[in-house]
Amino acid sequence: MTHAVATNQTILVVGGGVSGMTAALEAAECGRQVLLVEKTPTLGGRTALLYRYFPKLCHPTCGLEINLRRVKASRNLRVLTQAEVTRITGARGDYSVALKLAPRYVNENCTACGACGAAVEATIDDPYNYNLSKMKAAYLPHAMAFPQRYVLDPSIIGTPDGEKAKAACRYGAIDLGMKVESLEIRVGAVIWATGWRPYDAAKIQPYGYDRYPNVITSLEFERLADPHGPTGGRILRPSDGREAKDIAFIQCAGSRDENHLRHCSRICCMASLKQTQYVREAYGEAGKSTVYYIDIRAIDRFEDFYSKVLADQTVRFVKSKPARIAEDAGTRDPVIHGVDTEGYHRYATRHDLVVLAVGMEPSVNGADVPHEIVADSSGFIESAASGGFFAAGCASNALDVNRSVQSATASALRAIQIVRKADRVEA
Amino acid sequence: MGAPGEFNLAALARYGNDFLAEVEERVEEGEWVKMCMQCGVCAGSCPFGPDWEHSPQKIFMMIRAGKRDEVLASDSMWMCTSCYNCVVRCPRKLPITQIMHGLAAYAHRLGLAPKMQPTRRWSLLFWDNCTKTGRVNELKLTLGLYFMDGIVAGFKQAWTLRNIGLGMLLAKRLNPFELIRGHECKDKAGIHRMLKKAAEIEARKRGFAKP
Amino acid sequence: MADPKYAAYVCKGCGIGERIDADQSAKIAEKEGKIALVRQHEFLCNAEGVALIRSDIEKEGVTHVAIAACSRRAKTEAFEFPGVALARANLREGVIWVRPDTAEARETTQEMADDYVRMACAELKKMKVPAGNPETGRSKRILVVGGGVSGLTAAVEARNTGYEVVLVEKQAQLGGWAAKLWKRIPEREPHAAPVDTGVQALIDAVTQDAGIRVYTNATLAQTSGAPGRFKASIAVESGSTATEEVGAIVQATGFSLYDMNRLPELGAGKSPNVMDQAGLESLARKAAPKGLPIRRPSDGGEVKRVVFVQCAGQRDDTGKHLPYCSGYCCNTSIKQAMYFKDANPAVDTVVIYTDLRVPGNGEDFYRSAQKKGVTFTKGSVTGVEASGDTCRVSFRDLILDEDASIEAADLVVLATGQVANAGVDIDNPQATDANGTKPISILNLDYRQGKDLPKLSHGFADSHFICFPYETRRTGIYAAGPVRRPMDIAQAKEDATGAVLKAIQAAENAELGRAAHPRSGDLSFPIVQLEGCTQCKRCTVECPFGAIDEDEKTYPVFNESRCRRCGTCMGACPVRVISFENYSVDSVGAQIKAVDIPDEFSEKPRILVLACENDAYPALDMAGMQRNHYSAFVRVIPVRCLGSVNTSWIIDALNGGYDGVMMMGCKHGDDYQCHFVKGSELANSRMSKISETLKTMALETERVATYEVAITDIKRLPVLIGDYAKVIEKIGLSPMKGFA
């Protein structure tokens, strides 16, 4: 099925989020051969699951559409989804990479007509909505998914549901016999664009993320605000489905904390400021946002956005790292306890919903990369001892989208420098 | 800053490092004070929060601001019950509980602690009680506590709690003869020597005048 | 090129065959579309269907293919036929998925499908496969303007990639600000202490490389041309001019510090002991290499106390100073406080800040400074008063909630911000910068639209886009480093590396005649029939990328490799003489005319939807994917940008009996989302002028409506369409039907 021909002049990009797509496209549009591998069934990564970007409040899917068009148009770029790197050996300019390809159970005949999804009964947690909702076990990850091809969840293989999916497909697209494949390829340079994952909020014990339904993460909040999300864009409380109008945003949930993540995750302040505007968008003057913070890090022209939010009467700022969250047993309202350190004011404030601005950690810890790699103590990748590895975007540091793209573009150039040399040695 | 142990109080400048240096040298875990980033999680975590004047984070800022008299005369650190909520939550891993006790002890040593602060008085009572014989004499300690605020108050307190006292007596949990002499540890003199040595070590380490 | 041969394929898969009469659609393609070869297929995108098309191309000599199946956004891999013109009729996402599967809907659904087939056939007839122009690129050298860390990095990285470089630096020395620093902020763990700037190594790499031609004491007297063939006239110190041909440009002209003399309230100018961060670096560079302590400038006295005032003249909401945050200054003050603490821990250093902004691993650096005894206090400084050889710093302590002061500060360091050296403001050439100085042009472009890069906000030459930080508005010229956005050394190096890639890409694209982002790889370009041109200048003024110059007779001169193929010029042209080979006034006009307009008694209005292909069109597609139904009376044509919409299309549509036109483009204004910068805004203003024309046609102004649409408007668009259909119902069908 997979015809991935690669040579030591090929650049391998690991990770198909905004950084990986950018690195791959920029290199390909410079005329280089690029292989982009993505672990999940679709490109797009984490930004595809955001409702809006700061500071313009534009939609991430707009940029994704452009990038997907570039992917479709590029003759130098090949994409493998559901693919993971299991081993890398060799040295700069000549690596041998082992890939593991998970079965999709759907081949390229798929037209994304949706008949299999309609036929299957089993549902699974929807990771594209941070498991806030269920989806059919035969699914298109999301409306912008690329490749635009359905996926069968392995849990229905060998069940009547699997057969139902197969029977519903009129195009012979479903292949229940697909197996894990492995693939060995040769590449000249590797760009590690494996991105980030939200810090596990349940580890921040006093905030009760694992105990209180109305304490959610900033990523989950994105899904609630998104018209594609589980609530159709309505900000509803998990406990009772009631509209949440008084919302707290707690900064540094995991970041700047030696018990959790030592580094500042950079994006969370701006993300919360942005999310206060979702509340305003939904309720106008009737909404209420409270931001609990240590330092608001609205760097460079993001300050303009901060000023705009500061002027918004529906948003209040409290300089405080809250001590704990309790829950009102009757209403299940979260109550935040703490002290406003600007002058010292004790508070116990009830909210409809609490949003934890969770920190970023590298989704692949440098130590887990199957190659000798240089990573910092937080797991962010710097380079490899062999010299042909580059990190792009949040694999390298806690970065916002703009800086991730900048980083990915730079890493594409560094990778080109490697394969170019390999190129000349061969010639 | 002059020679160790001689802090030039007159020159204590606001936001200078003099008082901070003094705290670092003389207060248990004092070297952590500078690491606070003023997030306030300790302030909100303290169960006695509503009862004191300055939160730990604010005390730390006051130290950095050189507010020596206000800090050492504060009653806030005396309110710490060692629940360690602040310590487990502090994002900078400051040993806040230890610092609070350290500050209290230092303020007491300098005679700057609030005289009538109840925990301070209770702590003194406890210290004297247990170091005298090497054992805690519960009856004397209890009575000492009752009568801390005067004879009348003491009797009133004893009367209020008379049933408990009686019950303990009957259950042989309270020995009235302890009042006369009470039990002691085997080597009382040894304990005293040990405490003296410890005080000497502390004085040497922290630059106090020899006890 | 061989004679064009047209073929049309009607797919019956995904339910199309059940929902519409494919025979009828095929017949329409043949009879009305005049397509010689028409085929139907059960499942066109599978290997066998694609092989059928391929074989027709090879054996039958088919050059133009119309595919009536799914959206042009779907199955692109299957339907990719190099060298063949392709039109797609969207029968799936655009017809059957947005229509209810009911008996009464069947007729209108069929009409919709038939029209899309007609439109695809009509479009196909007007399309040519663009061949690209291989004549546009001659040089692939990279011109780097500015010899600071950003520029030096750009030069070295370009060389490492095998490209020759010309570097122009205004000063006599290379190195810029970084060469004036004693140390810099660490980039790697342990983030504990200031490190060597590394700038000398960069300077050496540049000066020792034969592939880099360095001009110091030099400025750009003029820059002309386009990617692949820029001509840079470089004025050198001797007064003579050197000329270099280059393929692309990296502008790394850095920043000036905000002038601290604008901050007398913070003691600037009142005492030599009050300085900006650069002033302190200069003291450190004098003292530290000799192992001497930094001394007080006023009298050479010992420094015992240093106060760092953050956000000096920054984050200002009074309108007097910089409104933004420069981002690097917190870390810089931390670094400078370490200069003192590392040398002598007894020196008091206090950093007064309102928000300490040390993102990422800066947190480690902050911690390290605290460990070294640097005192941080959240406060806002109200004044610095000099008295004798010391200063008093007054501030509000925001934690202790009281007015406070620091007496006898030996040094006060003001963290002033970065002001971009971005040249003149092309929209307002007389404007002064934040320092009150009137900038001189840096690039001296001979472009019709001005001498320098357009600025975005606060004088920085940044890109407006979050996803595309290098999406410059002057193709082939990329800003890097603090001229683009306030930043520190580590970021500037990264930024310069990225900018070099884009510069290389622009030069390579120019050689191949391909478009740069966002229509990367597009080989089409605007072709103008000059004989019809009335020299109205609209195209030269409205081009968002300044791609069009004017010759001495004020005829437009198109610079192909500067063009981004958005079609704004085509939309602007009142005499319709500008077109692309595969996208033209005719190719869209023909689609509009191809639609079958029922007579006015049919009660079947026709609404033309012109939809931005990047946002509105995908949103309509996704509405289909989610089976959100909308009116069968709309006929949607994707356009490259709303800016490319020529008013003649609207007039033709209305003359032809359409009842209304909906134009769906991206958000405009400050937070514009149009990737061609002002396409939707231009369309909006053009349409506001169309009301006069509507009046002369005795038509209601409601017949043309513009909408700001986002790609997420999957639920909103069907509602908008429904509402608009009601408006048309209310005002009645167009009286123009049947006259065309």
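User: Is B:W122 buried, partly exposed or exposed, and what is its relative accessibility?

Analyst: Happy to start there, with the note that this is a predicted model, where local features need pLDDT of at least 70, side-chain atom pairs count only at pLDDT 80 or more, and totals for chains, interfaces and linings use all residues. Residues are numbered from 1 along each chain as its sequence is written, chains are lettered from A and ligands numbered from 1 in the order written, and side-chain values use heavy atoms, leaving out hydrogens and water. Buried means under 20% relative accessible area, exposed over 50%, and partly exposed in between (1.4 Å probe, protein chains only). B:W122 therefore counts as partly exposed, at 32%.

User: Which residues form a nonpolar patch with B:W122 on the surface?

Analyst: B:W122 itself sits in helix 7 (residues 118-133) of chain B; helices are DSSP runs of H or I with at least four residues, strands are E runs of at least two, and both are numbered from the N terminus. A patch takes residues with over 30% relative accessible area and no salt bridge (a side-chain nitrogen of Lys or Arg within 4 Å of a carboxyl oxygen of Asp or Glu). Like charges are joined within 9 Å, and nonpolar side chains (Val, Leu, Ile, Met, Phe, Trp, Tyr) within 5 Å. With about 300 Å² of accessible area together (Shrake-Rupley method, 1.4 Å probe, only the protein chains shown counting as cover), the partners of B:W122 are B:F126, B:V136 and B:L145.

User: How many helices and strands does chain B have?

Analyst: Of the 211 residues in chain B, 42% count as buried. The C-alpha trace spans about 60 × 40 × 30 Å along its principal axes. The tally for chain B is 11 helices and 0 strands.

User: How many salt bridges are counted between chain A and chain C?

Analyst: The contact (heavy atoms within 4.5 Å) takes 78 residues from chain A and 93 residues from chain C. One of the salt bridges joins A:R262 to C:D364, with the closest N and O atoms 2.4 Å apart. Between chain A and chain C the count is 17.

User: Is A:I174 buried or exposed, and what is its relative accessible area?

Analyst: A:I174 lies in the loop between helix 4 (160-168) and strand 10 (181-187) of chain A. Beyond its neighbours within four places in sequence, A:I174 is in contact with residues including A:Y105, A:L152 and A:C169. A:I174 is buried, with a relative accessible area of 6%.
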